[in-house]
Amino acid sequence: MGLTHSSMSRSTARLLSCIIVCVALPLLTPWLRPQNLAANVPLLLPSAIAYSPQGDLYLAETANHVIRKIDPTSRITTIAGTGTQGYDGDGGPATAALLDSPAGLALDATTLYIADTHNHAIRTVNLATGAITTLNASLNRPIALALDTKSHLFIADAGSHQIRRIDLPTGILTTVAGTGTQGFSGDTAQATAALLDSPAGLAADAAGNLYLADTHNHRIRRIDTSGVITTLAGNGAFGYAGDSGSATSASLALPQGLTIDPLGNLYLADSANHRLRQIDAKIGTITTLAGDGVQDFAPTSLNSPRATIISPDGRITLADTGNQRIRQITGDTLTTVAGLGAVTSSALTLTGPFSVSYGTGSLTASLATGSGATGAVTFLDTFLGATTQAGTAPLAAGAATLDTSTLTAGEHAITASYAGDTSHPAAQSSAFPLLVTRAASATTLTLATSPIVTGTSAGPVPIGPVPIGIAPGQPVLITAHVVSATRGVPTGTVIVSDGSTLLAAGNANLAGDLVFSTTALAAGPHSLFAAYEGDLNFQPSTSPTTLLTISTPPTGADFTLAPSGSTTQTILSGNSADFTFTLQVQGSLPGPIALSAAGLPNLATASFNPGTLPPGTTSGTFTMTVATQQATSQTAGARPTSFPNVLALLLPVLGFIPRRRSSTRLLLALFSCATLLAVTGCGDRINRGDSADSGVPQTKSYPITVIATATDATGTTLRHTSQVTLTLQATK
């Protein structure tokens with residue numbers, strides 16, 4: 001055949017390339033295509049649209065009472081409104097305000113203007129601060145807005161059948177068209193004397209002409225710079241006719257949204273005809289650009305479009321209101337920019353815990369008609385007024401799972417959306433309330449130093465719980481480490497303190513460490529600890545206290561005494577408490593160190609383990625155990641003998657003494673009274689006014705002094721003390 005081995009190899013390679021392109025690429029395309037978030041968000045009656053020069057698309061979601069923004073990457077956020085119908089929020093953030101069926105938008109460099117239709121007001125959102133205010137509240141169902149080049153805001157005040165104008169620098173409101181009477185009249189005369197019927201569309205051109213959709217008159221009219229009004233399109237008959245002919249002879253059906261391109265061509269949403277139509281600026285003919293008149297969602301069909309706009313890159317964009325979508329004309333096709341479309345409200349459900357700790361958890365979306373369903377479920381997260389994509393997951397056996405471990409701590413509303421396939425309709429779940437709580441954190445503190453030794457140190461070495469020979473001025477390397485109990489790295493401030501003295505503060509590094517070195521620790525004991533102040537996702541935590549003693553080179557034998565654990569404890573009477581202490585010896589002591597305690601509660605005993613520290617001890621720890629006797633709210637002791645009982649014992653004795661021995665009887669009576677006072681509790685020494693007699697358990701704190709005593713080689717007594725506090729609560 002004349003083919004060489006080399007040419008056959010090249011042919012085989014080309015064939016394999018074709019197979020990859022033709023077979024594999026279509027399978028990979030859905031995974032390579034960036035997620036179009038806005039197209040996966042359900043919209044409720046999108047009615048007005050406006051573009052910024054940067055390509056941000058603003059839309060009024062009328063039935064959801066919010067204003068949304070779609071950025072050039074298709075991310076969608078809420079700009080104004082909470083989704084609750086009402087009127088509130090002026091002076092605060094627009095995302096916390098209440099709107100009622102907004103249906104008109106206009107935009108300049110600094111401000112978004114909203115026709116808050118059922119609140120009969122025009123409201124503004126400062127694009128820099130996000131604050132909302134009311135510009136005017138003396139209207140009647142404003143439904144469309146337009147700005148001209150002279151800082152005029154025009155309003156289609158549908159309920160009053162007029163076109164109004166606000167001079168933005170002064171705030172003055174005037175009427176530019178309509179008498180307020182519903183009807184049709186006035187062509188070729190001043191617009192203020194004309195009759196309009198429910199105008200619902202506006203556009204202004206660069207020359208200062210104003211165009212309006214006289215909706216219920218089924219006409220498009222123009223007001224020129226002299227204020228004269230004329231009909232530009234529509235013969236007044238409700239219907240569809242006239243394409244390719246004169247626009248004034250055409251039939252329209254409830255025209256609404258208008259826009260003008262740089263050439264002066266006018267675009268209108270012929271709403272009840274389910275079409276987008278164009279009026280040529282030069283010859284005045286009308287044509288249909290999109291929509292086949294069938295009220296449906298299809299590549300060639302629209303459903304009650306209400307608004308049109310030209311994108312910064314020149315593409316015609318429209319609110320396909322009845323289809324719950326924003327669509328765009330690209331070449332000869334219609335593509336969806338935003339909106340999931342009509343969905344089955346109960347076909348997709350979300351289940352899972354309503355509260356999870358940060359870094360944990362999952363939610364499951366289940367499709368009721370999911371047998372054999374293909375495609376992916378998109379999870380949308382509304383958090384702090386913004387809606388973002390939380391993730392996507394492929395359907396498997398009619399279910400898809402969202403990992404919630406990456407969601408920020410706070411209150412979330414999760415919605416699942418399914419775009420459908422050839423056999424299953426689109427579906428959207430109800431919003432699922434999910435509270436993400438802050439996760440626990442743990443903080444530790446470690447110390448290291450280069451000890452003073454002969455020769456070269458190998459580097460920092462850990463300092464144990466009882467450090468030896470740490471001299472003043474020797475650098476101590478301190479590391480505070482913060483770790484998550486779930487996932488992620490805690491951020492925020494970590495502080496390291498020596499008792500009440502702040503040593504350092506800063507943010508932990510990516511490993512969760514705050515590391516610093518200090519030579520400023522003075523001679524003596526130091527109680528070091530680290531505290532993490534917490535952040536949005538993690539709770540605060542504090543490390544255990546680490547005892548570090550800085551000791552000067554000894555000039556004579558001595559020792560230090562300090563607590564190495566908690567210095568305050570509370571127990572019930574009858575229980576015991578343990579306190580630990582550390583001794584550090586400088587030099588050499590020839591005898592043992594004896595231990596004792598003072599300030600103990602009544603009847604309590606203190607024991608030490610070990611009881612003494614033997615000669616030659618350089619450092620060590622010991623435990624003091626304080627054992628208490630049980631006390632109750634009543635005073636312990638023998639029950640006082642009652643007065644009648646004692647008297648019954650003494651009277652027989654008095655009876656044996658003859659009456660003539662009166663002095664003897666008197667002395668015995670006095671003795672009996674004294675005895676009686678003693679045994680019956682007369683002159684009681686117990687304080688009956690305290691809480692013990694009231695039956696309420698007593699709580700009392702006892703400062704206990706621990707005393708360590710030794711003798712140095714010269715016979716000098718060395719004594720050091722340390723104090724702890726025991727709080728004793730009596731049992732009832």
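Ala, Val, Leu, Ile, Met, Phe, Trp, Tyr, Cys and Pro count here as nonpolar, Asp, Glu, Lys and Arg as charged, and the others, Gly among them, as polar. By that split, the lining of the largest pocket comes out as 30 nonpolar, 15 polar and 5 charged residues. The model is a predicted one, so to speak of a local feature takes a pLDDT of at least 70 and a side-chain atom pair counts only at pLDDT 80 or more, while totals for chains, interfaces and linings use all residues. Residues are numbered from 1 along each chain as its sequence is written, and side-chain values use heavy atoms, with hydrogens and water left out.

As for the pocket itself, its volume is about 1,200 Å³. A pocket is an open set of points on a 1 Å grid over the protein atoms alone, with protein on both sides within 12 Å along at least five of seven lines; a cavity is a set where a 1.4 Å probe fits but cannot get out, and lining residues have an atom within 4 Å of a point. The largest pocket has 50 lining residues, with Ile-49, Ala-50, Leu-105, Thr-259 and Ile-309 nearest its centre. Among the elements that give two or more residues to this lining are strand 1 (46–51), strand 5 (104–107) and strand 22 (307–310); strands are DSSP runs of E, at least two residues, numbered from the N terminus.

There is also 1 cavity of 30 Å³ or more, holding about 30 Å³ of space. Its lining has 10 residues, and Gln-474, Val-476, Thr-518, Thr-519 and Leu-521 are the closest to its centre. No charged residues turn up in that lining, just 6 nonpolar and 4 polar.

On to the rings: the whole structure has 4 aromatic pairs, meaning rings of Phe, Tyr and Trp (its six-membered ring) with centres within 6.5 Å, called stacked with planes under 30 degrees apart, edge-to-face over 60 and tilted for the rest. Phe-354 and Phe-432 are stacked, at 4.9 Å centre to centre and 5 degrees between the planes. Phe-354 sits in the loop between strands 26 and 27 and Phe-432 in strand 34, so the pair ties together parts 78 residues apart in sequence. Phe-354 is exposed, at 54% relative accessible area, but Phe-432 is buried, at 7% (buried is under 20%, exposed over 50%, partly exposed in between, with a 1.4 Å probe and protein chains only).

Phe-581 and Phe-622 are stacked too, because their centres are 5.3 Å apart and their planes at 20 degrees. Both Phe-581 and Phe-622 are buried, and together with Phe-608 they form one aromatic cluster.

Terms used:
Grid points are joined across faces, edges and corners, and a volume is the space filled by probe spheres set on the points. Helices (H or I, at least four residues) and strands (E, at least two) are DSSP runs, numbered from the N terminus.
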